[in-house]
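Visitor: I would like a close look at a single part of this protein, with some care taken over how far the model can be relied on there. Please begin with confidence and then move on to the packing.

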Amino acid sequence: IVFNNDLAIQEVNGEEEAYEVIEKELGIKPVKLGYMPSGMVFSELSLAKGNAILKFDFEDKIFYLACVSNDKSVSVNYKSDTEVYKKIRNKWLAQDLDIRQEITKEGTIKYETQIVIQNAVYEVVGELPEEEFFKIVKNLYKFEN
């Protein structure tokens, strides 16, 4: 099931409902944004078997929060050409998160981090200003409805 911009307005009435759909469809409590930069808006929710992607728009940039469910214990094999750029402490998730930085082909800077919590993996990716990406990562928390 893919909710595009038009269908997201009709089928998923915003970010809060998207989190509820993820919990229902994937059987996991998704990680939620506790901070959003001014001007960032929820754009769409894409669902496929075992995973969901929340897309947000910020100025001319895109920010993604991907959730992958695994009904067995999660095994992560993360491969990247980038090295850890910084570590950010998230007190809400009680984790130190590795931030990776990549310069894209267009010359922009993309930041990403990966979070593993019980039976789920979350990937946070965005071409946002560094300080905004860090604020988002510091303020992620588990969704409770």
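Over which residues does pLDDT stay under 50, and how many contacts beyond four places in sequence does the model have for them? After that, please take me through helix 2 and the core around it.

Guide: This is a predicted model, and the stretch you ask about is residues 1–10, where pLDDT stays under 50 and the model has 19 contacts beyond four places in sequence. Residues 72–78 also stay under 50, with 14 such contacts in the model. Across the protein the average pLDDT is 82, and 82% of the residues score at least 70. Among the elements, helix 1 (residues 5–11) has the lowest mean pLDDT, 35, whereas helix 3 (residues 130–138) has the highest, 95.

Turning to helix 2, its 12 residues should span 16 Å at 1.5 Å a residue, and because its end C-alpha atoms are 16 Å apart, the model agrees with that expectation. Just after this helix, Gly 27 takes a positive phi of about 75°. Within the helix, Glu 15, Ala 18, Tyr 19, Val 21, Ile 22, Glu 23 and Leu 26 are buried, and what covers the buried residues includes strand 2 (31–33), strand 3 (41–48), strand 4 (51–58) and strand 5 (61–69).

The largest nonpolar core has 36 residues, and those with the most contacts inside it are Leu 33, Leu 45, Leu 54 and Phe 63. Helix 2, residues 15–26, gives the most to this core, with five residues. Leu 54 shows how the helix and its surroundings meet: leaving aside residues up to four places away in sequence, Leu 54 touches Ala 18, Tyr 19 and Ile 22, and its other contacts are Phe 42, Glu 44, Leu 45, Phe 63, Tyr 64 and Leu 65.

Phe 42 and Phe 63 recur among the aromatic rings, where ring pairs link them with Phe 56, Tyr 85, Tyr 111, Phe 133 and Phe 134 into a cluster. The count of aromatic pairs comes to six. In one of them, the rings of Tyr 111 and Phe 134 have their centres 6.1 Å apart and their planes at 70°, so this pair is edge-to-face. The pair links distant parts of the chain, with Tyr 111 in strand 8 (residues 109–117) and Phe 134 in helix 3, 23 residues apart, and both Tyr 111 and Phe 134 are buried.

Key: Residues are numbered from 1 along each chain as its sequence is written. This is a predicted model: local features need pLDDT of at least 70, side-chain atom pairs count only at pLDDT 80 or more; totals for chains, interfaces and linings use all residues. Side-chain values use heavy atoms; hydrogens and water are left out. A nonpolar core is a set of buried Ala, Val, Leu, Ile, Met, Phe, Trp, Tyr and Cys residues joined through side-chain atoms within 4.5 Å. Buried means under 20% relative accessible area, exposed over 50%, partly exposed in between (1.4 Å probe, protein chains only). Helices (H or I, at least four residues) and strands (E, at least two) are DSSP runs, numbered from the N terminus. Contact means heavy atoms within 4.5 Å. The expected span of a helix is 1.5 Å times one less than its number of residues. pLDDT is the predictor's confidence in each residue, from 0 to 100. Rings of Phe, Tyr and Trp (its six-membered ring) pair if their centres lie within 6.5 Å; planes under 30 degrees apart count as stacked, over 60 as edge-to-face and the rest as tilted.
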